[in-house]
Amino acid sequence: MTMNCPDSAPHAVARLRAARLERSAKPFLARGGSRRVHCTGCRLAVSHCSCALRIRLATRAGVCLLMHDSEPLKPSNTGWLIADVVADTFAFGWARTSVDPALLALLQDPQWRPCVVFPTEGVAPARVLGEAAFAPGCDWAAPHPAGDCGAGAGAGAQAPAARPLFILLDGTWAEARKMFHRSPYLERFPVLGLQGGEATRYRLRHASQDDQWCTSEVAARCLQLAGDARAGALLQAWLAVYAERYDQARQQRPAQPDSRAHQRLAALRTGGDARPQLPVADAGAVRAVAAASYRASAAAPMPDRVALPAGV
Ligand SMILES: [Zn+2]
């Protein structure tokens, strides 16, 4: 059962979720769900609704989420949180045999310089970008044959006019790998490998290693690389608040609006300290909260129906 929240308007991921639900032949069973009424704006139980705390920012960079089949339906999907914070978030469902024309149009829009965020192991060197490619004064969109600033350095003291569009492949690791290798329309774009080495993967719900990041953490890192430091910090804080409330709702404990996570978010909302908490791997508190939530849901699966429109 769901309730429409007056504080929320559907964003790209919410619209994709609605479209995916319409196509569902049977109800989606969410692991870790509950039988309580959920808010359509934040997906949390209405008792833990966080919509009033949300802040959306205009950023220089954009985020394009390519989401595997049922990913938009999962309450623990963190791509949703990116769309909460970053105004220019785009979301498309991925299919092996077809591609949304709107996605192709976005990738051809001259205001954007797309790059795919994915581990660069096995990627042709000419496509590889390292984090250093985004250093001040470096034209990241220029060729970076060594994966670092290299040939891009000195290309101009000013940033390129085109805005970075970070393409994130949202799914399990196996699904993301399939999307990367079976999407020929992505092959002409550079590949940004984030620091953390080749062990860095999308962590999603079930962290098997401490250096695995969830999708919103990846986006936060990309935003900070692109100079959108406040948005990156806000996204990190927003993930912490969401993970905390998600866990509390699941355990039927009340929300704690004065917790450290909420205080951090409040400070950023009012334009306070936006110094990055990254590298992400050092954000221990965030990771502990999120990982505990996800581990708990993995350990005690409680299938339930969530957010189903009438008639589905
Ligand atoms: Zn809500």
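Here is a short talk between a visitor and a guide about the predicted model above.

Visitor: Which residues count, and how are they numbered?
Guide: Welcome! Because this is a predicted model, local features need pLDDT of at least 70 and side-chain atom pairs count only at pLDDT 80 or more, while totals for chains, interfaces and linings use all residues. Residues are numbered along each chain as its sequence is written, starting from 1.

Visitor: How many helices and strands are in the chain?
Guide: Helices (H or I, at least four residues) and strands (E, at least two) are DSSP runs, numbered from the N terminus. By that rule, the chain has eight helices and 10 strands.

Visitor: In what order do the six strands of the open sheet lie?
Guide: Strands pair if DSSP finds at least two bridges between them. The pairing in this sheet is parallel, and the edge strands β5 and β7 each pair on one side only. The order is β5-β4-β8-β6-β9-β7.

Visitor: Why is strand β4 largely enclosed by the rest of the structure?
Guide: A residue is buried if 20 or more other C-beta atoms lie within 10 Å of its own, exposed if 12 or fewer, and partly exposed in between, with C-beta atoms placed from the backbone. Strand β4 covers residues 62-68. It is largely enclosed because the buried ones among its seven residues number six.

Visitor: Which residue in β5 is the bridge partner of C64?
Guide: Strand β4 is joined to β5 (residues 89-94) by six bridges, and the two run parallel. Six bridges also join β4 to β8 (residues 163-170), again in parallel, with M67 opposite D170. On the β5 side, the partner of C64 is F90.

Visitor: Which helix gives the most to the largest nonpolar core?
Guide: A nonpolar core is a set of buried Ala, Val, Leu, Ile, Met, Phe, Trp, Tyr and Cys residues joined through C-beta atoms within 7 Å. The largest one has 68 residues, and L65, V117, F166, I167, A219, L235 and W238 touch the most other members. With 13 residues, the top contributor to this core is helix α6 (residues 229-250).

Visitor: What is F166 in contact with, leaving aside its neighbours within four places in sequence?
Guide: Two residues are in contact if their C-beta atoms, placed from the backbone, lie within 7 Å. F166 is among the core residues that touch the most other members. Its contacts beyond those neighbours are A61, V63, C64, C115, V117, A219 and C222.
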